[in-house]
Amino acid sequence: MKYVPDATADQKFEDDLTVDRAAVPGLLSELDEYAVEQALQIKEKSENPESVEVTALCVGPAEAVDAVRKALQMGADKGIHVADDSIAGSDALATSKVLAAAVKKAGDVDVVMCGMASTDGAMSVVPAMLAERLDLPQLTLASVVEFQGDQFRVKRDGDTSTDVLGATAPLVLSVTDQSGEARYPSFKGIMAAKKKPMETWSLGDLGVDAGEVGLSAAWTKVEAADARPPRTQGEIVTDEDGSGATALVEFLASKKFI
Amino acid sequence: MSEVLVLIDHVDGAVRKPAYELLTIAKRLGEPSAVFIGPAEAADAAVEAVKKYGAEKVYVVDDTEIKGYLVAPKAEALQQIAGQASPSAILITSSAEGKEIAGRLAVKLDSGVITDAVDVQDNGGPETTQSVFAGSYTVRAKVTHGTPIITVKPNAATPEESTGAGAVEQVSVSLSDSAKKAQVVASQPRESSGRPELTEAAIVVSGGRGTGGDFSEVEDFADALGAAVGASRAAVDSGWKPHAFQIGQTGKTVSPQLYVANGISGAIQHRAGMQTSKNIVAVNKDEEAPIFELVDFGVVGDLHTVLPAATEKINARKG
Ligand SMILES: Cc1cc2nc3c(=O)[nH]c(=O)nc-3n(C[C@H](O)[C@H](O)[C@H](O)COP(=O)(O)OP(=O)(O)OC[C@H]3O[C@@H](n4cnc5c(N)ncnc54)[C@H](O)[C@@H]3O)c2cc1C
Ligand SMILES: Cc1cc2nc3c(=O)[nH]c(=O)nc-3n(C[C@H](O)[C@H](O)[C@H](O)COP(=O)(O)OP(=O)(O)OC[C@H]3O[C@@H](n4cnc5c(N)ncnc54)[C@H](O)[C@@H]3O)c2cc1C
């Protein structure tokens, strides 16, 4: 799960054209709350819930620990925060490299659960990249997740068809915001989270070389980031006795849409 | 001139418009080569289609063996073709599947990837334009390492016809076992509504919670304009329209000539999917609705009276 700037606030870029993450309050990417929810449901619906452990993993700056904490409050059992100054400015390739190394270090992982997209970069590539790097099957963009033992089935609404996909764990899953509302942390959950184990790992812990990540190793370069000029508000009419429809049709005709 | 690979977007062999847009962009960057991964019996027609938009070469991959699997085999096929063609760029449509293929390919080729480009120009190599943070910023970027892998949104270019040689090269792809790990167990094609495709339409008319669940007025208005129909997440979550209609951050991005929002408040996540439309019109009974900040023209009024009256007037004009 990713820690991202609040999507409803006004974003800014730094001089080096990376996102100014201090300008806007950060939070657990809302679309990753769905991932946490589905991970918790897999635990709860499995035959032996006590034997299933949900670990919340986040790669991000010091403040990103808040995202991990939120997941623990929701009910995850354990947190891992990968933080290392060299990671700042990483592109999707480097991010997925760090995440893959962290999943490997975490040990015996059956399901790598992701959100459908982060709410900042919003590339929707990291789950597929993780599957590639970990050599696992990907069942991505699932709106429904079902499983029996290690057999997983998901529903995926594609552009031209709705598919049912199947694979055997270990696997990478990503879930959409259609998969089911995420739970709110309860007071009990918030108190319990304080006692849950949390680890902070550096690149050294993962055996990833600092030269392979960060802005200098990003293989995409942002050359310019320009604020889009705000749209100037056009004419607004108030409908009275059908005047609205007349004005609307006149506008459409003036723009040659009819 | 070096080859630019274009993965051809199609449904059962019928080439989709975004593929022609990519071929048009590829021509700016080098020599367009199409990659058709699909049913063998549809290949001839596909080759003819892409030739008309400048494909000098067409790599044809019979998908009999791979169509039962998700994206991984397509990434392997592209990796193999890229290995022999040494392309100067690889262009893929920015669909959910296209982006995942691009992601896997980027790892395989150890190359930079840019997604959701709304424009690509040649500026000493491909230079992309992305619209980020709900359309509030325009970013220009380049891939600096490896073969630039770029996914491009529909409508990023106007397809231009130009005859290419269309030299066919059959490619037999040897798939790894690991590419076959995620299976397509069942597939239900989307039923055609008879209306234009949402992401390709010149006009999009959408409805939100304000419709109260009855989309017939929105649909009649759309039909009078020859438009596609879209919906807000509130309308989709209420079960009034399937998810495929959703416009916004977690739905489709549209960039039509005209977008008409009816009974939609204009939340940031909805705006993320329609903010780059050329003209924006809204009908909403609340004059304070944030959608009005974006509009070229707005009607403060009840959509249940405004839309039927407007539809009648448009149909009358058409005679
Ligand atoms: C506006 C903008 C545009 C960008 N464009 C590009 C680009 O074109 N090419 C490029 O290579 N990079 C780009 N980046 C950088 C890229 O977004 C980051 O490197 C990022 O961490 C990975 O991609 P994503 O956030 O888009 O993830 P997505 O692929 O959208 O994320 C999918 C899921 O992966 C998981 N995930 C993603 N990141 C993390 C993390 N750090 N920790 C834990 N889980 C995670 C989450 O579950 C998330 O829901 C861009 C960044 C921004 C802010
Ligand atoms: C992570 C995340 C992702 C999201 N992704 C999306 C997305 O992709 N797309 C999306 O749309 N939303 C998305 N949302 C939801 C978004 O925040 C809003 O909740 C949603 O867009 C509201 O839909 P609406 O405008 O139809 O409903 P409302 O906000 O309830 O607005 C209804 C509007 O209709 C007007 N109205 C009511 N009756 C009438 C009438 N008779 N005539 C005229 N006007 C009337 C009201 O004045 C009001 O302005 C997302 C939210 C989150 C948290």
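A polar contact is a pair of N or O atoms within 3.5 Å. An oxygen atom of ligand 1 meets that cut-off, because it is 3.3 Å from a polar backbone atom of Ala117(A). The model is predicted. Ligand 1 lies between chains A and B. The two chains bury about 7,000 Å² between them.

**Ligand 1: polar contacts with the backbone**

- Gly115(A) places a backbone N or O atom 3.0 Å from an oxygen atom of ligand 1.
- Ala117(A) has a polar backbone atom 3.3 Å from an oxygen atom of the ligand.
- Chain B takes part through Val113(B), where a polar backbone atom is 2.8 Å from a nitrogen atom of ligand 1.
- Of the accessible area that ligand 1 has on its own, 940 Å², the protein covers 92%.

**Ligand 1: the surrounding shell**

- In chain A, the elements giving two or more residues to the shell are β3 (55–59), α3 (92–106), β5 (111–115) and α4 (126–134).
- In chain B, β7 (113–122) and β8 (126–132) do so.
- The shell holds 29 residues, and those that come nearest are Lys2(A), Asp32(A), Ser90(A), Ser118(A) and Val113(B).
- By class, 16 residues of the shell are nonpolar, 9 are polar and 4 are charged.

**Interface of chains A and B: extent**

- Chain A gives 77 residues to the contact, and chain B gives 86.
- Carbon and sulfur atoms supply 58% of the buried area of about 7,000 Å².

**Interface of chains A and B: polar links**

- There are 7 salt bridges between the two chains.
- One salt bridge joins Arg233(B) to Asp177(A), with the closest N and O atoms 2.8 Å apart.
- Polar contacts across the interface join 39 residue pairs, with both residues at pLDDT 80 or more.

**Interface: the side of chain A**

- Two helices near the start of the list of contributors are α1 (30–45) and α4, among the elements that give two or more residues to this side.
- Strands that do so include β6 (138–148), β7 (151–157) and β8 (161–168) of chain A.
- Further elements that do so are β11 (220–227), β12 (235–238) and α7 (243–254) of chain A.
- The largest share of this side comes from α7(A), with 9 residues.
- By class, the side of chain A that touches chain B has 37 nonpolar, 19 polar and 21 charged residues.
- Helix α4 of chain A serves both settings: it gives two or more residues to the ligand shell and to the side that touches chain B.

Note on methods. Residues numbered from 1 in each chain as written. Chains lettered and ligands numbered in written order. Predicted model: local features only at pLDDT ≥ 70, side-chain atom pairs only at ≥ 80, totals over all residues. Heavy atoms only, no water. Near = heavy atom within 4 Å. Polar contact = N/O pair within 3.5 Å; in protein donor to acceptor, adjacent residues only side chain to side chain. Areas by Shrake-Rupley, 256 points an atom, 1.4 Å probe, with all protein chains shown as cover. Helix = DSSP H or I, 4+ residues; strand = E, 2+ residues; numbered from the N terminus. Nonpolar A, V, L, I, M, F, W, Y, C, P; charged D, E, K, R; others polar. Contact = heavy atoms within 4.5 Å. Buried area = accessible area lost by both parts, 1.4 Å probe. Salt bridge = Lys/Arg side-chain N within 4 Å of Asp/Glu carboxyl O.
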